[in-house]
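This report covers the nonpolar cores of the model and the contact between its chains. The sequence and structure come before the discussion.

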Amino acid sequence: MLDLVEPKDAVRSDVTRRAGLSACVAAGLALLALGVPAVFAPPVSAQDTGPIKIGLAITQTGPFSPPASYELRGYELAVDQINKSGGLLGRQLQIVKYDDQGNPATAVQLYQKLLTDDRVDLLLSPYQTDLVGAVAPVVNRAKKVMPSLAANVEHFEGKYPYLIQSMTQTSRYMAPIIDLAAAKGYKTIAILVQNTQFPQQLAQGIEEKAKEKGLTVVFKETYAPTTTDFSALVLKASEAKPDVIIGATYLADAQGIVRAAKSQNVQAKMFAFSIGPVEPEFYKGLGTAAETVFGTTLYFKTLKTKGNVEFVAAFREKYNLDPTYHAAVAYASMKVFGDVIKKVGSLDQDKIRAEFVKTAEETVVGHYELDQNGKQLGYGSYALQWLNGQQELVWPKADATTDPVLPHPGWK
Amino acid sequence: MLTTVATLVILGLIWGGVYLLMAEGLNLIYGVMKVVNLAHGDFIVFGGLLALTLFETFGVSPAVSFPIAGLLIFAFGALVQFGVIERIGLGRPDAELRTLLATFGLSYVVANTSFLLWGSQFQSIPFLQGSIQLGTIAIPEALLMCSAIAFAIAIVVHIWLTHTMLGKSVRAVAQSGLGAASCGLDIVWLRILAFALGSAMAGSAGALLIALIPFQTASGSELTVQAFTLIALGGLGNYGGAFLAAELLGLVEVFTQYLYGSNAASALIYLVFIGVLVCRPRGLLGRVGRV
């Protein structure tokens, strides 16, 4: 049975017809198995035996589509695997998906459509904190559980009880970097922060972790997302003579800071950025200047987490690509969702929510565990370093593919 | 302290050159035709991404690929002027609005074509990432190159417009299309030439800028706004004014970033802009209807 269909009217009537057919077959089989006369069989409605519809809107076109399409691939692979192993509650899963084009207003309309028009049984989340935040009130009002791929924590602090955080908290992203710096005996940090929501929350996490590990923040400054010239900012940061320069950044600003640091020959023992080095374009754009720069990721393909080898192999086979952390968190999110539903034994959303917050499960991303509000407590983060043109996982030590190269050898 | 100030002055001046490079094509097209090309930033991005492909497939550096990108976008610009802008009623009273809408549409076409060809990730080319040491002052190579080329283009275009027959004809079209036509000039051809040249300048600027500033296909509109702010500050269509405005912006940006932080820098630039427009509504060196 086709499990991925665009919801068109023609397709829907076809599905209903097939659902009716399979209902008859299922009822017949049940009777045969139990050996009960047909008259005593409980009425089986098409609703309960047809496919379980899982709805989502995700960014399939526009500038934000590349990471979002990795998430969609992760979801689809997980649904495939669940269907191959017999589905959930004896029913197959069917994805109903739309394209929100990265626009929060469109996402809200589409989730309304999924709930009222398509009447989906389950919901998955869109890509990015902003879009999750936009659809949160709609989803919560409908009392549908939504495992969400959003790192910022404000949606998971009791306001929207039906939202479940299936991603590492923003404030934990840079924790392994601070940990590593402390392990090497570094004492001072300069933080450069893009003044948008996600990097601000990152910076807060960095400061808290630094305090905990006994490092001093000697310089902190924010800059606008449109900044292209970082030379003065970097010069100023270097005057504080920090051991570690950390950027709470995205890709373009991380590259801008590295360029400025290299051309001004700014020295520090360690250079690390949040989002940026995790993207292959970071090295493509900077070349050797990217060598020994640190970044973070929520997942790495060499991790020895439960089921990761199989996941990487299945992902490569289906898409001919290596999974990214976006693909992995989406895959794990759907897998945990499936396991929770199996434990509950029905699609009762309140029971599913109650089971979710009790769940402690090993996934390809790591240990999945939530607090009572649905905030992610289990997932952490990993430190990457660019070495000889490759990303290596260097910290925590137990998961490392190689040892970190420190201190930064200076710009060549 | 003295070194820091000297470094900041030099950095400000050469970043000014980079901003000038971004805005020159837009300035030429506005100066000659009173057309604000809203696809300008998207031309820059397209040129940059073209240079990226040339770099990745053939190992061609931006220093070689910038004329190639310029030529290709020259042809495209000529086509746009001939096929679109000439056909939407340039002589009519609402011509400015019409060209504004047409180039706005064009910006979507160019941006989405880039998106289909290159995707949406930020891209950049590792090129000239070192710096030249002047005593204790480090001058970034890529910045220096972009500025030098920007200044060269500014000088060449100025000489072309003021000292050659063709350039003078282009200025004649700018002053009065009707007058130029009645003197026997082929004004359609001259406008095509001007638009194509302006587009080419945007394209080749992109090929150089991508080594300095990472682009994504959606960056175009932001670049258009930056470029437009600069030429409005200098006096729309005025070359000397654009140069002054670029240097002013470069210095303001670098100094405020150092003294008051980067957030203040982005605000102060627009304060300067508003201040100039209040005192001199036509920009620093603006005049009416002149190139």
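## Surroundings of A:F356

In this predicted model, A:F356 touches A:V145, A:P147, A:I164, A:V336, A:F337, A:V340, A:Y368 and A:L370, leaving aside residues up to four places away in sequence.

## Nonpolar cores

A:F356 belongs to the largest nonpolar core, which has 103 residues. It is listed with A:Y111, A:I246, A:M270, A:F311, A:M334 and A:F337 as the members that touch the most other members. Helix 12 of chain A, residues 325-344, gives the most to this core, with twelve residues.

A second core, separate from that one, holds 86 residues, among them B:L11, B:M33, B:I73 and B:A207.

## Extent of the interface

Chain B and chain A bury about 2900 Å² between them, with 50% of it on carbon and sulfur atoms. Of the area that chain B buries against chain A, B:Q129, B:Q257 and B:Y258 supply 21%, more than any other three residues. The contact takes 34 residues from chain A and 38 residues from chain B.

## Polar pairs and the chain B side

The count of salt bridges between chain B and chain A is one. It joins the side chains of A:K284 and B:E56, at 3.4 Å from N to O. Across the interface, 19 residue pairs are in polar contact, both residues at pLDDT 80 or more.

On chain B, the elements that each supply at least two residues to the side touching chain A include helix 1 (2-33), strand 2 (137-140) and helix 10 (239-260). Helix 1 of chain B gives the most, with six residues. The residues of this side divide into 19 nonpolar, 16 polar and three charged.

Conventions: Residues numbered from 1 in each chain as written. Chains lettered and ligands numbered in written order. Predicted model: local features only at pLDDT ≥ 70, side-chain atom pairs only at ≥ 80, totals over all residues. Heavy atoms only, no water. Contact = heavy atoms within 4.5 Å. Buried area = accessible area lost by both parts, 1.4 Å probe. Salt bridge = Lys/Arg side-chain N within 4 Å of Asp/Glu carboxyl O. Polar contact = N/O pair within 3.5 Å; in protein donor to acceptor, adjacent residues only side chain to side chain. Helix = DSSP H or I, 4+ residues; strand = E, 2+ residues; numbered from the N terminus. Nonpolar A, V, L, I, M, F, W, Y, C, P; charged D, E, K, R; others polar. Core = buried A, V, L, I, M, F, W, Y, C linked by side-chain atoms within 4.5 Å. Buried < 20%, exposed > 50% of the residue type's maximum accessible area, 1.4 Å probe, protein only.
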